Amino acid sequence: MSEALVLSEVRGEGARRTALITLNRPKQLNALNDALMDQLGAALIAFDREDGIGCIVITGSEKAFAAGADISAMARFSYMDVHHNDFITRNWETLLQVRKPVIAAVSGFALGGGCELAMLCDFIIAADTAKFGQPEIKIGIIPGAGGTQRLPRAVGKAKAMDMVLTGRMMDVHEAERSGLVSRIVPAAQLIDEALSAAATICALSGPSVALAKACVNKAFEGGLMDGVGFERRIFHSLFATDDQKEGMDAFLSKRPPDFKQR
Ligand code: CAA
(Lines give C-alpha, C1' and ligand atoms only; values in the text may rest on other atoms or scores of the structure.)
Protein backbone atom coordinates (compact mmCIF):
# COMPACT_ATOMS: atom_id res chain seq x y z
CA MET A 1 0.00 0.00 0.00
CA SER A 2 1.29 3.49 -0.80
CA GLU A 3 2.12 5.86 2.07
CA ALA A 4 -0.67 8.22 3.22
CA LEU A 5 0.81 11.61 2.38
CA VAL A 6 -2.49 13.30 3.11
CA LEU A 7 -4.91 12.34 5.88
CA SER A 8 -8.62 12.88 5.36
CA GLU A 9 -11.43 13.02 7.88
CA VAL A 10 -14.96 14.39 8.04
CA ARG A 11 -15.82 16.81 10.85
CA GLY A 12 -18.94 18.57 12.08
CA GLU A 13 -22.59 17.74 12.29
CA GLY A 14 -25.69 18.11 10.17
CA ALA A 15 -26.63 17.27 6.61
CA ARG A 16 -23.45 18.79 5.16
CA ARG A 17 -20.16 18.46 6.97
CA THR A 18 -16.53 19.56 6.50
CA ALA A 19 -13.72 17.54 4.96
CA LEU A 20 -10.46 18.16 6.81
CA ILE A 21 -7.38 17.25 4.78
CA THR A 22 -4.01 17.24 6.57
CA LEU A 23 -0.76 17.30 4.60
CA ASN A 24 1.29 14.50 6.11
CA ARG A 25 5.06 14.71 5.52
CA PRO A 26 5.87 16.47 8.80
CA LYS A 27 9.56 15.46 8.88
CA GLN A 28 10.07 17.12 5.49
CA LEU A 29 7.99 20.14 6.59
CA ASN A 30 5.29 18.90 4.18
CA ALA A 31 7.51 19.45 1.13
CA LEU A 32 5.14 18.90 -1.76
CA ASN A 33 6.16 16.08 -4.09
CA ASP A 34 4.15 14.58 -6.94
CA ALA A 35 2.88 11.64 -4.87
CA LEU A 36 1.51 14.04 -2.22
CA MET A 37 -0.07 16.34 -4.79
CA ASP A 38 -1.66 13.33 -6.57
CA GLN A 39 -3.19 12.18 -3.27
CA LEU A 40 -4.34 15.71 -2.41
CA GLY A 41 -5.98 16.08 -5.83
CA ALA A 42 -7.76 12.72 -5.51
CA ALA A 43 -9.09 13.63 -2.04
CA LEU A 44 -10.27 17.04 -3.25
CA ILE A 45 -12.13 15.62 -6.24
CA ALA A 46 -13.76 12.90 -4.11
CA PHE A 47 -14.95 15.39 -1.47
CA ASP A 48 -16.13 17.84 -4.11
CA ARG A 49 -18.41 15.12 -5.52
CA GLU A 50 -19.77 13.99 -2.14
CA ASP A 51 -23.21 15.49 -1.38
CA GLY A 52 -22.68 15.33 2.40
CA ILE A 53 -19.65 17.65 2.23
CA GLY A 54 -20.18 21.43 2.16
CA CYS A 55 -16.66 22.78 2.63
CA ILE A 56 -13.05 21.57 2.62
CA VAL A 57 -10.22 22.64 4.95
CA ILE A 58 -6.58 21.95 4.07
CA THR A 59 -4.03 22.15 6.86
CA GLY A 60 -0.45 21.07 7.61
CA SER A 61 1.52 20.54 10.80
CA GLU A 62 2.16 22.96 13.64
CA LYS A 63 5.63 23.77 12.24
CA ALA A 64 4.75 23.93 8.55
CA PHE A 65 1.72 24.21 6.34
CA ALA A 66 4.22 23.35 3.59
CA ALA A 67 7.83 24.52 3.05
CA GLY A 68 7.45 24.39 -0.73
CA ALA A 69 7.74 22.01 -3.63
CA ASP A 70 10.06 19.12 -2.77
CA ILE A 71 13.55 20.37 -3.65
CA SER A 72 15.10 16.91 -3.35
CA ALA A 73 12.67 15.59 -6.00
CA MET A 74 13.05 18.64 -8.27
CA ALA A 75 16.84 18.94 -8.08
CA ARG A 76 17.35 16.26 -10.73
CA PHE A 77 14.53 17.24 -13.10
CA SER A 78 15.52 18.23 -16.62
CA TYR A 79 13.54 20.58 -18.83
CA MET A 80 12.10 17.56 -20.68
CA ASP A 81 11.09 15.90 -17.38
CA VAL A 82 9.03 18.88 -16.27
CA HIS A 83 7.64 19.43 -19.77
CA HIS A 84 6.60 15.78 -20.32
CA ASN A 85 5.11 15.42 -16.85
CA ASP A 86 3.28 18.74 -17.12
CA PHE A 87 4.85 19.54 -13.73
CA ILE A 88 2.54 21.62 -11.46
CA THR A 89 -0.31 21.88 -14.00
CA ARG A 90 -1.10 18.14 -13.96
CA ASN A 91 -1.83 17.76 -10.26
CA TRP A 92 -1.46 21.07 -8.35
CA GLU A 93 -4.14 22.74 -10.44
CA THR A 94 -6.71 20.09 -9.53
CA LEU A 95 -7.58 22.62 -6.82
CA LEU A 96 -8.92 24.94 -9.49
CA GLN A 97 -11.56 22.35 -10.45
CA VAL A 98 -13.07 22.24 -6.95
CA ARG A 99 -16.42 24.01 -6.81
CA LYS A 100 -16.91 23.85 -3.05
CA PRO A 101 -15.06 26.36 -0.86
CA VAL A 102 -11.56 25.35 0.23
CA ILE A 103 -10.05 27.06 3.29
CA ALA A 104 -6.31 26.93 4.01
CA ALA A 105 -5.60 26.68 7.76
CA VAL A 106 -1.95 27.71 7.96
CA SER A 107 0.39 27.25 10.90
CA GLY A 108 4.17 27.76 10.64
CA PHE A 109 5.92 27.96 7.27
CA ALA A 110 3.98 28.48 4.04
CA LEU A 111 6.87 28.96 1.65
CA GLY A 112 7.29 28.66 -2.10
CA GLY A 113 4.81 26.08 -3.35
CA GLY A 114 3.34 26.03 0.18
CA CYS A 115 2.43 29.71 -0.06
CA GLU A 116 1.12 29.09 -3.58
CA LEU A 117 -0.97 26.13 -2.40
CA ALA A 118 -2.49 28.34 0.31
CA MET A 119 -3.23 31.02 -2.31
CA LEU A 120 -4.89 28.40 -4.56
CA CYS A 121 -7.38 27.90 -1.71
CA ASP A 122 -10.30 30.34 -1.40
CA PHE A 123 -9.13 32.03 1.76
CA ILE A 124 -6.44 31.66 4.39
CA ILE A 125 -6.99 31.49 8.13
CA ALA A 126 -3.59 31.69 9.80
CA ALA A 127 -2.14 30.88 13.20
CA ASP A 128 -0.12 33.59 14.90
CA THR A 129 2.95 31.44 14.10
CA ALA A 130 2.43 31.51 10.32
CA LYS A 131 5.15 32.78 7.99
CA PHE A 132 4.71 33.29 4.27
CA GLY A 133 7.28 33.64 1.52
CA GLN A 134 8.33 32.90 -2.05
CA PRO A 135 12.01 32.02 -1.54
CA GLU A 136 12.49 30.26 -4.93
CA ILE A 137 14.83 33.01 -6.12
CA LYS A 138 17.35 31.80 -3.53
CA ILE A 139 17.63 28.41 -5.24
CA GLY A 140 17.91 29.69 -8.78
CA ILE A 141 14.28 29.41 -9.89
CA ILE A 142 11.08 31.43 -9.59
CA PRO A 143 7.66 30.60 -8.10
CA GLY A 144 6.08 28.06 -10.43
CA ALA A 145 2.60 27.36 -9.05
CA GLY A 146 1.07 30.77 -9.70
CA GLY A 147 2.96 32.80 -7.08
CA THR A 148 4.13 35.57 -9.39
CA GLN A 149 0.50 36.13 -10.43
CA ARG A 150 -1.55 35.47 -7.29
CA LEU A 151 0.78 37.17 -4.77
CA PRO A 152 0.63 40.63 -6.48
CA ARG A 153 -3.15 40.32 -6.77
CA ALA A 154 -3.31 39.54 -3.03
CA VAL A 155 -0.75 41.98 -1.60
CA GLY A 156 -0.05 44.50 -4.41
CA LYS A 157 2.95 44.89 -6.72
CA ALA A 158 5.45 46.52 -4.34
CA LYS A 159 5.19 43.91 -1.63
CA ALA A 160 5.01 41.02 -4.12
CA MET A 161 8.16 42.26 -5.90
CA ASP A 162 9.91 42.60 -2.53
CA MET A 163 8.94 39.03 -1.57
CA VAL A 164 9.66 37.41 -4.95
CA LEU A 165 12.92 39.27 -5.64
CA THR A 166 14.48 39.04 -2.17
CA GLY A 167 12.92 35.77 -1.05
CA ARG A 168 12.21 37.21 2.40
CA MET A 169 9.41 35.93 4.64
CA MET A 170 6.38 37.87 5.94
CA ASP A 171 5.10 37.24 9.42
CA VAL A 172 1.39 36.69 9.91
CA HIS A 173 0.67 40.30 10.91
CA GLU A 174 2.24 41.68 7.75
CA ALA A 175 0.38 39.02 5.75
CA GLU A 176 -2.95 40.01 7.31
CA ARG A 177 -2.33 43.75 6.86
CA SER A 178 -1.47 43.13 3.21
CA GLY A 179 -4.61 41.11 2.47
CA LEU A 180 -3.03 37.67 2.07
CA VAL A 181 -4.69 36.29 5.19
CA SER A 182 -8.33 36.71 6.22
CA ARG A 183 -8.04 36.00 9.97
CA ILE A 184 -5.26 35.48 12.53
CA VAL A 185 -5.94 33.16 15.45
CA PRO A 186 -3.85 31.75 18.31
CA ALA A 187 -2.12 28.59 17.04
CA ALA A 188 -4.01 26.31 19.43
CA GLN A 189 -7.35 27.50 18.00
CA LEU A 190 -6.46 27.27 14.32
CA ILE A 191 -8.36 24.11 13.41
CA ASP A 192 -11.41 25.02 15.53
CA GLU A 193 -11.61 28.45 13.89
CA ALA A 194 -11.26 27.00 10.37
CA LEU A 195 -13.87 24.31 11.13
CA SER A 196 -16.19 26.93 12.56
CA ALA A 197 -15.91 29.07 9.38
CA ALA A 198 -16.47 25.90 7.35
CA ALA A 199 -19.54 24.96 9.44
CA THR A 200 -21.02 28.40 8.74
CA ILE A 201 -20.58 27.74 5.01
CA CYS A 202 -21.94 24.16 5.25
CA ALA A 203 -25.21 25.46 6.72
CA LEU A 204 -25.85 27.67 3.67
CA SER A 205 -27.21 26.86 0.24
CA GLY A 206 -24.50 24.85 -1.59
CA PRO A 207 -25.46 26.09 -5.08
CA SER A 208 -25.29 29.76 -4.09
CA VAL A 209 -22.02 29.19 -2.20
CA ALA A 210 -20.40 27.49 -5.24
CA LEU A 211 -21.57 30.26 -7.57
CA ALA A 212 -20.48 33.02 -5.19
CA LYS A 213 -17.01 31.40 -5.18
CA ALA A 214 -16.99 31.35 -9.00
CA CYS A 215 -17.93 35.05 -9.10
CA VAL A 216 -15.22 36.15 -6.63
CA ASN A 217 -12.69 34.12 -8.63
CA LYS A 218 -13.71 36.07 -11.75
CA ALA A 219 -12.81 39.29 -9.91
CA PHE A 220 -9.44 37.82 -8.98
CA GLU A 221 -8.68 36.35 -12.39
CA GLY A 222 -10.18 38.64 -15.02
CA GLY A 223 -11.18 42.19 -16.02
CA LEU A 224 -13.76 44.30 -14.16
CA MET A 225 -16.66 44.44 -16.63
CA ASP A 226 -16.26 40.77 -17.63
CA GLY A 227 -16.54 39.94 -13.95
CA VAL A 228 -19.55 42.17 -13.35
CA GLY A 229 -21.30 40.65 -16.41
CA PHE A 230 -20.54 37.14 -15.16
CA GLU A 231 -21.84 38.02 -11.69
CA ARG A 232 -25.08 39.44 -13.16
CA ARG A 233 -25.83 36.21 -15.08
CA ILE A 234 -25.13 34.09 -12.02
CA PHE A 235 -27.21 36.41 -9.83
CA HIS A 236 -30.18 36.12 -12.21
CA SER A 237 -29.78 32.32 -12.43
CA LEU A 238 -30.07 31.92 -8.64
CA PHE A 239 -33.70 33.04 -8.91
CA ALA A 240 -34.31 29.61 -10.49
CA THR A 241 -33.32 27.77 -7.31
CA ASP A 242 -35.59 26.53 -4.52
CA ASP A 243 -33.03 27.79 -1.99
CA GLN A 244 -33.51 31.41 -3.12
CA LYS A 245 -37.27 31.10 -2.54
CA GLU A 246 -36.68 29.38 0.81
CA GLY A 247 -33.96 31.82 1.97
CA MET A 248 -36.04 34.90 1.26
CA ASP A 249 -39.29 33.40 2.53
CA ALA A 250 -37.54 32.37 5.78
CA PHE A 251 -36.18 35.90 6.24
CA LEU A 252 -39.61 37.46 5.70
CA SER A 253 -41.27 34.89 8.00
CA LYS A 254 -38.59 35.49 10.68
CA ARG A 255 -37.58 31.80 10.81
CA PRO A 256 -34.30 29.96 10.04
CA PRO A 257 -34.02 28.77 6.41
CA ASP A 258 -34.29 25.07 5.57
CA PHE A 259 -32.06 24.86 2.49
CA LYS A 260 -32.68 21.88 0.19
CA GLN A 261 -29.42 22.29 -1.74
CA ARG A 262 -31.16 22.81 -5.07
N1 CAA B 1 11.93 20.43 -0.11
C2 CAA B 1 12.50 19.33 0.39
N3 CAA B 1 12.84 19.19 1.68
C4 CAA B 1 12.59 20.23 2.50
C5 CAA B 1 12.00 21.42 2.04
C6 CAA B 1 11.66 21.51 0.67
N7 CAA B 1 11.04 22.59 0.13
N8 CAA B 1 11.89 22.29 3.08
C9 CAA B 1 12.39 21.63 4.14
N10 CAA B 1 12.82 20.40 3.81
C11 CAA B 1 13.42 19.37 4.66
C12 CAA B 1 14.85 19.74 5.02
O13 CAA B 1 15.74 19.36 3.96
C14 CAA B 1 15.05 18.93 6.27
O15 CAA B 1 15.29 17.59 5.92
P16 CAA B 1 16.41 16.71 6.74
O17 CAA B 1 15.89 16.65 8.16
O18 CAA B 1 16.38 15.39 6.03
O19 CAA B 1 17.68 17.47 6.64
C20 CAA B 1 13.69 18.98 6.94
O21 CAA B 1 12.75 19.33 5.91
C22 CAA B 1 13.60 20.05 8.02
O23 CAA B 1 14.02 21.29 7.45
P24 CAA B 1 15.18 22.23 8.10
O25 CAA B 1 16.15 21.38 8.85
O26 CAA B 1 15.73 23.07 7.01
O27 CAA B 1 14.30 23.09 9.11
P28 CAA B 1 14.60 24.56 9.65
O29 CAA B 1 13.61 24.81 10.73
O30 CAA B 1 16.05 24.74 9.95
O31 CAA B 1 14.27 25.53 8.40
C32 CAA B 1 12.93 26.31 6.53
C33 CAA B 1 12.95 25.62 7.91
C34 CAA B 1 13.38 27.77 6.69
C35 CAA B 1 11.52 26.24 6.03
C36 CAA B 1 13.92 25.58 5.60
O37 CAA B 1 13.64 24.17 5.64
C38 CAA B 1 13.82 26.01 4.15
O39 CAA B 1 14.33 27.07 3.81
N40 CAA B 1 13.18 25.19 3.31
C41 CAA B 1 13.13 25.42 1.87
C42 CAA B 1 12.13 26.53 1.54
C43 CAA B 1 12.10 26.76 0.05
O44 CAA B 1 13.09 27.11 -0.58
N45 CAA B 1 10.92 26.57 -0.56
C46 CAA B 1 10.71 26.75 -1.98
C47 CAA B 1 10.87 25.44 -2.71
S48 CAA B 1 10.82 25.63 -4.47
C49 CAA B 1 9.16 25.73 -4.87
O50 CAA B 1 8.30 25.67 -4.02
C51 CAA B 1 8.85 25.84 -6.35
C52 CAA B 1 7.44 26.21 -6.66
O53 CAA B 1 7.08 27.37 -6.64
C54 CAA B 1 6.45 25.20 -7.04
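**A tour that starts at a cysteine**

Select C115 to begin: at 2% relative accessibility, this residue counts as buried. Keep in mind as you look around that this is a predicted model.

Now color the cysteine sulfurs. How many disulfides does a search of the whole structure find? Zero. Stay on C115, which is in no disulfide, and draw a distance to the nearest cysteine sulfur: that one belongs to C121, 11 Å away.

Next stop, C121. Is C121 buried or exposed? Buried, with a relative accessible area of 7%. From its sulfur, look for the closest cysteine sulfur and you land on C55, 10 Å off. A disulfide would need the two sulfurs within 2.5 Å, so the gap from C121 to C55 is too far for a bond.

Zoom out and switch to cartoon. You can walk through 11 helices and 10 strands in the chain. The radius of gyration is 19 Å, close to the 18 Å that the globule rule gives for 262 residues, so the chain is as compact as a globular protein of that length. Turn on a bounding box along the principal axes, and the C-alpha atoms fill roughly 60 × 45 × 40 Å.

Then color by burial: 44% of the 262 residues are buried. Show contacts between residues at least 6 apart in sequence, and 66% of them join residues at least 24 apart.

Finish on the outside with a surface view. The accessible surface is about 13700 Å², with 57% of that belonging to carbon and sulfur atoms. Last, pick out the charges: there are 29 positive and 31 negative, and their mean positions sit 3 Å apart.

Technical notes. Residues numbered from 1 in each chain as written. Predicted model: local features only at pLDDT ≥ 70, side-chain atom pairs only at ≥ 80, totals over all residues. Heavy atoms only, no water. Helix = DSSP H or I, 4+ residues; strand = E, 2+ residues; numbered from the N terminus. Rg over C-alpha atoms; globule rule 2.2 N^0.38 Å. Buried < 20%, exposed > 50% of the residue type's maximum accessible area, 1.4 Å probe, protein only. Contact = heavy atoms within 4.5 Å. Areas by Shrake-Rupley, 256 points an atom, 1.4 Å probe, with all protein chains shown as cover. Lys, Arg positive; Asp, Glu negative; His and termini not counted. Charge placed at Lys NZ, Arg CZ, Asp CG, Glu CD.
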